[in-house]
Amino acid sequence: MSESTQVTSRAGAPPRGQAQEPRRRVRRQWIVAGVLLAAALYAPFQLVPFHVFQLTMVLVYAVALLGLNVLVGHAGQISLGHGAFFAAGAYGAAIMMFHWDVPYLATLPVAAAVAFALGLVLGVPAMRLRGLYLALVTLAIAIFLVPLLKRFEEVTGGSMGLSLAKPAPPAWTGLAEDQWLYFLALAVALASFLLAAGLLRSRVGRALHAVRDNEIAAEVMGVRLSFYKTLAFAWSAMFAGAAGCVYTWVIGFVSPDSFPVTLSITLLAGIVVGGLGSLSGPVLGALFVMFVPSLSQDINDAAPGVIFGLLIIAVMYVAPTGLAGLAGRAANSLKKTLRKG
C-alpha cells in the first residue's frame, strides 16, 4: 500500500476515541441498568410495607406509560383514552379470577391479549384521523367506559366492583405479601421493557419512527401507514392491559370509579413529563404520577389539582423535553466538567 493510500485511509477513518464512544456508551448504560436492578432487588427488604406498595405501583404505572410511550413518543399518535386499555386489563384479570377461579399468573397473557385486540379495533380511527380529532375519539372511549362497566353488573359487579384475594407468596420464598407483589410487578416490568426495547430496535420500530417524523416520506418509502398506526395502538394497549392486570393483583379490588377520565389525562401528562421517546421516560413519569399528586395533597388539601397542574407547568418549563432529557443534559454537563478537571 502506498503512502498516499495510507494517508487517505487514515483521513477517512474516524478517530479512535470517536469510534469507541458508542461502545463506551453501551457499557455505561449496562452498568447503570445493573446498578438500578440491584437497587430494585434490594429495596423491598429495607422499606416498610407502605413504601414497598408505592414502589410496586410505580412499576405498574411504568408499564402502562411504556405502552403510551410506544404510541405517542415513537409513533407520533396521541391518545386520551389510555386509561380504558388499563381498565380492560384490570377488569379482564378480575373477572377471570372472580368468576372462573383462573390462577392469577394465567390472567396476565389473557388480559394483555384482550387489550391488544381492543387496541386493534380502536386503532381503526387512527388510520383516518390525526391530531385533535384523534384525541377527541380516544377521549370519548375513556368517557363511556365507566357507564359501560356499571351497566353489566352481573359480570363487573356494577358500582360496587369486584373484591379479590391478593396473590399469596409461595412458602419457599419466605417473602411477605407486599414483597411478593413487588417482585411480581418487577418481573412484568422487566419483561415489558425488554420486549419494548427489542420492538423499537426492529423493523417495526424503524417504521414507527418514520411515521412519526414524516408520514408522507414514510409512505413514499413503502411504509404502510394504516397498518403501523393500528399496530402502534395495539402494542400500546397490550402494555396497558398487562399493567392493569398487575394492578388487580396488587390492589385486590376493581370498580368503575378506579378508572375515571382523569386517569387517561394523568397518564398522558406522566409520559410527557417523564420524556417522550426514551426508555427511561416511563419510569420517571411513573414516579411523577405516583408521588406528585400526594405531594400536591400535602401542600394544599383544598386544591390539590391546582398544585398538580402548577407542578406540571414548572417541570415542563425547566425540562421541555421531559425529565429524561433533563437527566441526560445534567449527565453531559457533569461529564464535561470532569474532563476539564
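Helices here are DSSP runs of H or I at least four residues long, numbered from the N terminus. With that in hand, welcome to this predicted model. One of its helices is H12, residues 261–274, and Ser-264 has its place there. The tour below moves from that serine to the nonpolar cores, a pocket, helix H9 and two loops.

**Ser-264 in helix H12**
- Ser-264 counts as buried because its relative accessibility is 0%, and buried means under 20%.
- Beyond residues up to four places away in sequence, Ser-264 touches Leu-80, Gly-81, His-82, Gly-83, Ala-84 and Ala-142.

**The nonpolar cores**
- The largest nonpolar core has 81 residues, and those touching the most other members are Phe-86, Tyr-182, Trp-249 and Phe-259.
- If you set aside neighbours within four places in sequence, Phe-259 is in contact with Phe-86, Ala-87, Ala-90, Tyr-91, Leu-145, Val-146, Tyr-247 and Val-254.
- Another core, of 7 residues, lies apart from the largest one; among its members are Ala-269, Val-273, Ile-312 and Val-315.

**The second largest pocket**
- This pocket holds about 340 Å³ of space.
- It is lined by 16 residues, and the closest to its centre are Ala-88, Leu-118, Leu-145, Leu-148 and Leu-149.
- Three elements each give two or more residues to the lining: helix H4 (82–100), helix H5 (104–122) and helix H6 (131–151).
- Helix H4 gives the most, with 6 residues.
- Sorted by class, the lining has 14 nonpolar residues and 2 polar ones, with no charged residues.
- Leu-145 is worth finding on screen: it is among the residues closest to the pocket's centre, and it is also in contact with Phe-259.

**Helix H9 and its two faces**
- Helix H9 spans residues 203–213, and Gly-205, Ala-207, Leu-208 and Val-211 are buried in it.
- These buried residues are on the same side of H9 because they cover an arc of only 160° around the axis.
- On the face turned away from the buried side, look for the exposed residues Arg-203, Arg-206 and Asp-213.
- The buried residues of H9 pack against four helices: H3 (49–74), H8 (177–201), H10 (215–220) and H11 (225–251).
- Ala-210 also lies in H9; at 25% relative accessibility, Ala-210 counts as partly exposed.
- Leaving aside neighbours within four places in sequence, Ala-210 is in contact with Glu-215 and Ala-218.
- Ala-210 and Ala-75 are 135 residues apart along the chain, while their C-alpha atoms are separated by 8.0 Å.

**Two loop residues**
- Asp-101 has its place in the loop between H4 and H5.
- With a relative accessible area of 64%, Asp-101 is exposed.
- The phi angle of Asp-101 is near 55°, a positive value in a residue other than glycine.
- Gly-123 is found in the loop between H5 and H6.
- Gly-123 has a relative accessible area of 0%, so this glycine is buried.
- Apart from residues up to four places away in sequence, Gly-123 touches Thr-230 and Phe-233.
- Gly-123 and Ala-232 are 8.0 Å apart in space, C-alpha to C-alpha, although 109 residues apart in sequence.

Definitions and conventions. Residues are numbered from 1 along each chain as its sequence is written. This is a predicted model: local features need pLDDT of at least 70, side-chain atom pairs count only at pLDDT 80 or more; totals for chains, interfaces and linings use all residues. Side-chain values use heavy atoms; hydrogens and water are left out. A nonpolar core is a set of buried Ala, Val, Leu, Ile, Met, Phe, Trp, Tyr and Cys residues joined through side-chain atoms within 4.5 Å. Buried means under 20% relative accessible area, exposed over 50%, partly exposed in between (1.4 Å probe, protein chains only). Contact means heavy atoms within 4.5 Å. On a 1 Å grid over the protein atoms alone, a cavity is a set of points where a 1.4 Å probe fits but cannot get out, and a pocket is an open set with protein on both sides within 12 Å along at least five of seven lines; lining residues have an atom within 4 Å of a point. Grid points are joined across faces, edges and corners, and a volume is the space filled by probe spheres set on the points. Ala, Val, Leu, Ile, Met, Phe, Trp, Tyr, Cys and Pro count as nonpolar, Asp, Glu, Lys and Arg as charged, and the others, Gly among them, as polar. The arc is that of the directions from the helix axis to the C-beta atoms.
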